[in-house]
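Reader: Hi! I'm new to reading structures, and I'd like to learn how the terms are justified. Could you walk me through this one?

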Amino acid sequence: MKPAPFEYHRPDSVEEALALLAEHGYDAKLLAGGQSLVPAMNFRMATPAVLIDLNRIPGLDDIARADDGLRIGAMARQRAAERSDLVAAHAPLLAETLPYVAHAQIRNRGTIGGSIAHADPAAEMPAVMLALDARFHLRGPGGTRVVAAGDFFTGLFGTALDAEEMLVEVEIPSAAPRTGWAFDEVSRRHGDYALAGLAAVVQVDEAGRCTAARISLLSVGDGPVLAAQAAAALVGQAPTEDAIRAAAEAAAQRDVDPPGDIHATPAYRRQLVEVLVRRVLPRAFARAVAAA
Ligand code: FAD
């Protein structure tokens with residue numbers, strides 16, 4: 001299939017892109033890496049009348065250290081972030097997760113911001129950003145507003161972005177001392193969308209007891225799911241096998257209500273959530289203890 005006809009614009013600045021968005025509203029679509037949008041256009045699942053190509057705007061792909069953490073420009077390619085020393089040093093969970101996103105050829109084009117804005121419930125970036133408690137900088141006609149990942153994802157492919165806004169930057173806060181992290185997923189083949197996945201960030205005190213946990217799941221709901229019951233089962237506990245088993249049960253039975261599809265039944269996805277908690281959490285806690 002070929003896409004429906006569209007008008008093409010290639011702005012040189014964020015201001016120019018925003019002016020085009022304001023002019024065309026819901027008739028327009030921003031083009032980032034095109035790895036989700038272009039296939040959707042080719043299948044005519046998306047038929048934007050106007051395409052606003054962000055690829056030539058300078059500076060939108062910067063990855064930089066900030067006082068309070070790491071800043072990643074929306075147009076940073078997934079592959080560039082995967083290979084970035086700054087990401088490895090200051091957002092190691094993101095570095096660990098990126099190789100699970102599709103294939104290298106797709107990550108060469110696909111962007112961090114495009115994946116977040118697309119908000120596919122089976123995508124890794126939204127779940128990782130939720131686990132990291134990232135904040136998204138959204139630019140619109142009225143200026144910039146900052147939205148926490150927890151408030152950004154609003155349902156199936158839904159986000160807090162208004163029609164006249166674009167995501168310009170992702171802010172990942174610095175990790176507190178004694179923080180550990182880990183990611184894993186289950187998919188049929190490496191590079192496929194996951195049947196279920198889990199990103200975890202945990203903190204421990206001097207005695208090794210869990211003081212905080214952000215456990216985020218993908219492919220088991222309308223969007224990324226923060227497993228609050230699992231976290232509550234861990235906080236205040238030493239991360240023993242029993243405590244992690246209790247958290248796994250809480251996640252699978254109380255935190256998620258997974259959908260069924262041709263790839264997996266809801267019961268199978270619950271089982272995967274339980275397995276993933278038991279697989280990922282010991283690794284995250286070991287890193288937290290090692291970071292002490
Ligand atoms: P685009 O496709 O250009 O845009 C996606 C959407 O986001 C569009 O609606 C666009 O208007 C909007 N958008 C883009 N940038 C902005 C912005 N700055 N502000 C506001 N809105 C914006 N992804 C995974 O997570 N896991 C996988 O396993 C996976 N497997 C894949 C396998 C294949 C074969 C393919 C083709 C893709 C796969 N993807 C997977 C998707 C890939 O990661 C995409 O790169 C990503 O979803 C979208 O990023 P993009 O930069 O290509 O965005």
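Author: Happy to! Let's start with a term: the domain bounds used here come from an automatic or database domain assignment. The model itself is predicted. Its chain is divided into domain 1 (7–51), domain 2 (63–173) and domain 3 (179–290). Taken over C-alpha atoms, the centres of domain 1 and domain 3 are 36 Å apart.

Reader: What makes the pair formed by Q35 and the ligand a polar contact?

Author: A polar contact is a pair of N or O atoms within 3.5 Å. A polar backbone atom of Q35 is 2.7 Å from an oxygen atom of the ligand, so the pair meets that cut-off.

Reader: And what makes the pairs of S36 and E124 with the ligand polar contacts?

Author: For S36, a polar side-chain atom lies 2.8 Å from a ligand oxygen atom. For E124, a polar side-chain atom is 2.7 Å from a nitrogen atom of the ligand. Both distances are within 3.5 Å, so both pairs count. As for cover, the ligand has 970 Å² of accessible area on its own, and the protein covers 88% of that.

Reader: Why is L30 called near the ligand?

Author: A residue is near if one of its heavy atoms lies within 4 Å. L30 is one of the 29 residues around the ligand, and L30, G34, Q35, L37 and T111 come nearest.

Reader: Which element supplies the largest share of the shell around the ligand?

Author: That is α7, with 4 residues. By type, the shell divides into 15 nonpolar, 11 polar and 3 charged residues.

How values were computed:
Residues are numbered from 1 along each chain as its sequence is written. This is a predicted model: local features need pLDDT of at least 70, side-chain atom pairs count only at pLDDT 80 or more; totals for chains, interfaces and linings use all residues. Side-chain values use heavy atoms; hydrogens and water are left out. A polar contact is a pair of N or O atoms within 3.5 Å; within protein, one must be able to donate a hydrogen and the other to accept it, and residues adjacent in sequence count only if both atoms are side-chain atoms. Accessible areas come from the Shrake-Rupley method with a 1.4 Å probe; for residues, only the protein chains shown count as cover. Helices (H or I, at least four residues) and strands (E, at least two) are DSSP runs, numbered from the N terminus. Ala, Val, Leu, Ile, Met, Phe, Trp, Tyr, Cys and Pro count as nonpolar, Asp, Glu, Lys and Arg as charged, and the others, Gly among them, as polar.
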